[in-house]
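Reader: Got a minute to go through this one with me? Let's have it on screen.

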Amino acid sequence: MTKTSSTSTTTPPPVANGRVRFYQVGSFAVGNRLLPEVHSIQSSRERHNALTSGHRACQGCGEALGARYVLDAAQSAAEDAGERVVTVNATGCLEVFSSPYPESAWRLPWLHSLFGNAPAVATGVAAGLKAKGRDDIRVVAQGGDGGTVDIGFGCLSGMFERGDDVLYVCYDNEAYMNTGVQRSGATPPAARTATTQAVGDSPGNVFGQGKDVPRIAMAHEIPYVATATVADLHDLERKVTYAMSLHGPRYIHVFVPCPLGWGSQSSHTVRIARLAVESGLFPVFEAEYGEVTGASPIRRQVPVEDYLVLQRRYAHLFRPTRDEETIGRIQAIADRNIRRYGLVGRPDAPPVLNDAATGAASTLGARADLNNAPKED
Amino acid sequence: MLREIEGSKAVAATVAACRPDVICAYPISPQTHIVEELSRLVKAGQLRSEYVNVESEFAAQSVAIGASAAGARAYTATASQGLLFMVEAVYNASGLGLPIVMTVANRAIGAPINIWNDQSDTMSQRDCGWLQLFAADNQEAADLHVQAFRIAEELSLPVMVCMDGFVLTHAVERVDVPEQEQVDAFLPPFQPVQTLDPEDPVTIGAMVGPEAFTEVRHLAHRKQQAAVAVVERVGRDFAEAFGRDSGGLLHTYRTQDAETVVVALGSVTGTLKDVIDVLRDDGVAVGLVSLTSFRPFPDAAMARALAGAKRVVSLERAFSLGRGGIVEEDLRRVLWGRGSELVLTTVAAGLGGRDITADSLAEVLRRAHRGELAPLEFLDLDENAIAAHLAALGPRTEGAAS
Ligand SMILES: Cc1ncc(C[n+]2csc(CCOP(=O)(O)OP(=O)(O)O)c2C)c(N)n1
Ligand code: SF4
């Protein structure tokens, strides 16, 4: 982080540059402010507060959390380079909860056009700015998984292929939440949604694999593709900051639990995101020009069950009887991710299998092919 | 400069003279020559503009939306299926009040697929909130673009310039292509009403609920109504600046003492003038209203133009299935209260590129003048083919014959 200048001052006014609305007083330790360097953009008094409080997201909304970090980081990175940011937003929860006329929760220029065209609108904004000679304004586009992997996918691929100078961020809550939790192309197998209900012989979503847009993005060989979650916000900030240092099409896919749609506790959003990573279900990695350049190792591997049991959308896997087969198949997906990105067993991150969180029996049987995973604690 | 030039190239040269900052389009006949020529001009360095090749018309209109919101002058072009493919964004552009200019090279919509000219594509967008200006010939097609940018930017509303596909786009004729200096003098640089400016960060495209949506719509309606005067004024200004009367709301031809007046849009008006001259020589009192501004519809000007008419024929190159004429609906409103002796009929003509010959037109206007037309007729309809089809299909089309 480069925003160190402000941290040495003792008591700046509560509203620094009109940006920060609230910060805790009385404890100098808040946000690492005693440290010589600001470790996170959010902990800085200079943060942009792009998405202000007062919006109408549900409690514990992963998307709201993600978007705030993304845009503050993007603005900070831009500002460090003497640039500014404009945003394009697809239709979806983020748009609806943040822009109910006459209020707006956005403190940067923000444009919403449609559900399926955010990447193309962003292309247009970038082209317009270029034509006007505004090379100091950067474009960040954002949408949910539905807007990104389904209806807007043609526009997204076109934007990648043309090499447009846009950072596109997808907030993946694995369904169409804004319209009431229907299945999207990113809904994982076996998950219950309003259109893949928990009834019948094989309840929940059909057992496919979901559309893996980060890898499809990589196939376009664009400058930067990354995945991230709201469980590791430093990592998210770092990736946005890095993406902003590059030009051309960049894609960040952020895993954002949705308490309403997933049937999880509002207080479990970050925990669930962490379990998605630690189980291997959501691999966190980066790629440049189509090659993986880094992956976040799993330090404490957990069985997928730990992740599944916290969400009512998977309740049918455990009640009335335990669906060993489906849980095993989900575990196999996690195992495949672990192998593909080498997430476990790396010398820098000795894997530790830890089922203590639930005390449940390990599902190792379903992971016989996981060659790197140790069999015991 | 007066040039022997293809319609598409005349339009491309004129659009280039309007200095669009961003051009974005997806190919579809018969619009292609326009955007091909623009891409060449950009590549050759003769036009400084961002030319964006996209993967669909939906993206083309979306790019125009983004560019316009960023404060750039944006242009696109399409036709037929392409226009329908971008419809969601078409409505969005007008809702957001973005002054995009789009050429539509009018073409039939399928199925059955048909690449030739009629006007059912833009007519399907009657209520999309864009202004729609129809060109009668290639001189107007070129000139209307200069006016379109000025009207669009004055009103902060998007404008479609509709020109008949192939009939105009691919016809080579003499066109006085507007010169750069003339256009520069007529069309000031784009000053956006609202723009994505980090210095003044506005939220564009917010969600509006029931408590304000009606007011938003009402204001949009008022703006459309106000557009009538703007289209008229810009048309007058253009005539003064360029020395030719192309554009404005409508043109009349020999309507002074006409008992039968035909109302038409687009290139068929040229043939109609010839036909009217012949009929007049035969003592048949016929006149023409060539409608340029379909949206906004010029109620008052139309009422004046039709003031003396006893019979009005709406000659339309599109119609509403199961109902009849589309322009006819607007005329009916204008003529409302004129008494039962006034006869209003619709003739659907030239669908899917069917030739509209002078002979057929003369015949139908003679019949109209004699009061012999049914409320809706199809010009040159092959009744035998219809009868044969109905007979072959049997009971499934029962009732269609009546
Ligand atoms: C063309 C079109 N189809 C459908 C909709 C209805 N719609 C609005 S938002 C949405 C789902 C959004 O899902 P996602 O992109 O995953 O974002 P989320 O709400 O989950 O954040 C849908 C289906 C629409 N606005 N436009
Ligand atoms: S439904 Fe989900 S994504 Fe939408 S606001 Fe609520 S928690 Fe956030």
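Author: One term up front: a polar contact is a pair of N or O atoms within 3.5 Å; within protein, one must be able to donate a hydrogen and the other to accept it, and residues adjacent in sequence count only if both atoms are side-chain atoms. This is a predicted model, where local features need pLDDT of at least 70, side-chain atom pairs count only at pLDDT 80 or more, and totals for chains, interfaces and linings use all residues. Side-chain values use heavy atoms, without hydrogens and water, residues are numbered from 1 along each chain as its sequence is written, and chains are lettered from A and ligands numbered from 1 in the order in which they are written.

Reader: Ligand first. Where does ligand 1 lie?

Author: Between chains A and B.

Reader: How many residues surround ligand 1?

Author: 17, counting a residue as near if one of its heavy atoms lies within 4 Å. The closest are A:Glu63, A:Cys93, A:Gly146, A:Gly147 and A:Ala175.

Reader: What does A:Cys93 use to reach the ligand, backbone or side chain?

Author: Backbone. An N or O atom there lies 2.8 Å from an oxygen atom of ligand 1. A:Asn178 also uses a backbone N or O atom, 3.0 Å from a ligand oxygen. A:Asn173 uses a polar side-chain atom, 3.0 Å from an oxygen atom of ligand 1.

Reader: Now the interface. How many residues of each chain are in contact?

Author: 36 of chain B with 36 of chain A, where contact means heavy atoms within 4.5 Å.

Reader: Which three residues of chain B supply more of its buried area than any other three?

Author: B:Leu196, B:Pro198 and B:Met207, with 21% of what chain B buries against chain A. The area buried between the two chains is about 2,800 Å², and carbon and sulfur atoms give 64% of that. Buried area here is the accessible area (1.4 Å probe) that two parts lose on being put together, summed over both.

Reader: How many salt bridges across the interface?

Author: Four, by the rule of a Lys or Arg side-chain nitrogen within 4 Å of a carboxyl oxygen of Asp or Glu. B:Glu55 and A:Arg162 meet in a salt bridge at 2.9 Å, N to O.

Reader: And how many residue pairs in polar contact?

Author: 15, with both residues at pLDDT 80 or more.

Reader: Which element of chain B gives the largest share of the side touching chain A?

Author: α3(B), with eight residues. Helices (H or I, at least four residues) and strands (E, at least two) are DSSP runs, numbered from the N terminus.
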